[in-house]
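Subject: Structure handover, with notes on helix 1 and its surroundings

Hi,

Here is the structure I promised to pass on to you. Please have it open while you read, as my notes follow directly below it.

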Amino acid sequence: MDALETGERLSGRQLSVAAVVAGLSPAAAAAGRVEWAWLVLWTGASVSVSWLLLRFFAGRHIPRGRGRAALGTLFGLWGVLLAARGLARTASRLSQTAGEASKGWLLLLLCGVLVYLGWCGDGAFFRLTEILWLAMAVTVAFTAVFGLARTEWRHVLPVGGGWLPAGAAAAEIFAPALFLLPYIYKERTPVRGQSAVWLAALGGVAAVLSLVTVGLLGCAAGELSQPFFTAGGLLARNARLEGLLSALWLAPDLTFAGLLCRGFGGGKRAAVSTLVAGTLAFSGVAEKISLPVFAAGGAVLLVAALCLARRGEGE
């Protein structure tokens, strides 16, 4: 089984749900740090491109050979680096409560969960994601309703700059969708245009989270490391809500890292990729790579996939 081989047969809805849940992790990290208006514009562009790509990749596959092996390796390496960035971000957030000395243990715990999920196979991972989707839908709805009700609208007016940081953030938010292409390549999943609707919803949620964060915190949002979760404590004027929101957001955090670590495939490969990502997160290597570099890496993967995809019967 090569690097792009996938396990069980999956539905288009399962893949779409996984992309949305995973994308909520970088969406929360970007909230309050990039302008919500630019996120809306980048979402429109990303969804349009995604719709065209879905039509292009439908009925195509990657022929066996060096091209498929090289592309699978690129997917795996880029996914591990991006997953390491996500794991480091999650551990840093949790260590603010448990103490900086606990960061290593937190990473070990997160990786342990992901290794188990990787070993369980594609079916178990994506079925669990569907369950997490329901919980996150309720959480996001609560955050949006109460956040918009308490928003200071004078704080949320766009200032006209920041299009590039918003573009880099959008690239990370939609990155999980790119890692679903190997499943589409094998023609195991019917691909329909409705998947673009799910991505549009994800981008809309990311913009709302950013708007609410800035509306609650004002200019202070840009000075905080995790402004979204700080703003969460203001939703019901209860500081405990910040910790609860941070705990609930572990669901998209784990989905984000778990999906990206499947770039080499599921099972043992996903488990090994998780361990490598955890090691890179602990060492701080992934955090030293800027987000625009990751965005550029995604563009390279996309171009390579476009060049290698061929129409024909699946293998």
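What follows is a short tour, from the whole chain to one helix and then to the spaces beside it.

**The chain as a whole**

Please keep in mind that this is a predicted model. The protein chain has 14 helices and two strands. Of its 315 residues, 52% are buried. Contacts reach far along the sequence: among those between residues at least 6 apart, 87% join residues at least 24 apart.

**Helix 1**

I spent most of my time on helix 1, which covers residues 12-30. Its 19 residues span 27 Å from the first C-alpha to the last, close to the 27 Å expected at 1.5 Å a residue. There is a kink all the same, of about 30°, and it sits at Leu-24, shortly before the proline Pro-26. Just after the helix ends, Gly-32 has a positive phi of about 85°.

How many of the residues of helix 1 are buried? The count is 18 of 19, so the helix is mostly covered.

Two of its residues show what this looks like up close:

- Ser-16 belongs to helix 1. Its relative accessibility is 7%, and because the cut-off for buried is under 20%, Ser-16 counts as buried. Beyond its neighbours within four places in sequence, Ser-16 touches Ser-195 and Trp-198.
- Ala-19 is also part of helix 1. With a relative accessibility of 3%, Ala-19 is buried by that cut-off too. Its contacts, again leaving aside neighbours within four places in sequence, are Pro-176, Ala-177, Leu-180, Leu-199 and Leu-202. Pro-176 is 157 residues away from Ala-19 along the chain, yet their C-alpha atoms are separated by 5.3 Å.

A general point may help when you look at this pair: an α-helix has 3.6 residues a turn, so residues three or four places apart point the same way.

**A cavity beside the helix**

Searching the whole structure gave four cavities of 30 Å³ or more. The second largest has a volume of about 50 Å³. Which residues line this cavity? They are Ser-25, Ala-28, Ala-29, Arg-89, Thr-90, Arg-93, Gln-226, Phe-229, Trp-249 and Asp-253. Helix 1 and helix 3 (66-98) each contribute at least two residues to this lining. By class, the lining splits into four nonpolar, three polar and three charged residues.

**A pocket that shares some of the lining**

The second largest pocket holds about 460 Å³ of space. Helix 1, helix 3, helix 6 (163-173) and helix 14 (291-308) are the elements that give two or more residues to its lining. Helix 3 gives the most, with six residues. In total 21 residues line the pocket, and Ala-29, Arg-33, Arg-85, Arg-89 and Glu-172 lie nearest its centre. The lining is made up of eleven nonpolar, four polar and six charged residues.

If you want one place to begin, try Ala-29 and Arg-89: both line the second largest cavity, and both are among the residues nearest the centre of the second largest pocket.

Happy to talk any of this through once you have had a look.

Best wishes

Terms used. Residues are numbered from 1 along each chain as its sequence is written. This is a predicted model: local features need pLDDT of at least 70, side-chain atom pairs count only at pLDDT 80 or more; totals for chains, interfaces and linings use all residues. Side-chain values use heavy atoms; hydrogens and water are left out. Helices (H or I, at least four residues) and strands (E, at least two) are DSSP runs, numbered from the N terminus. The expected span of a helix is 1.5 Å times one less than its number of residues. The bend at a residue is the angle between axes fitted to the seven residues ending there and the seven starting there. Buried means under 20% relative accessible area, exposed over 50%, partly exposed in between (1.4 Å probe, protein chains only). On a 1 Å grid over the protein atoms alone, a cavity is a set of points where a 1.4 Å probe fits but cannot get out, and a pocket is an open set with protein on both sides within 12 Å along at least five of seven lines; lining residues have an atom within 4 Å of a point. Grid points are joined across faces, edges and corners, and a volume is the space filled by probe spheres set on the points. Ala, Val, Leu, Ile, Met, Phe, Trp, Tyr, Cys and Pro count as nonpolar, Asp, Glu, Lys and Arg as charged, and the others, Gly among them, as polar. Contact means heavy atoms within 4.5 Å.
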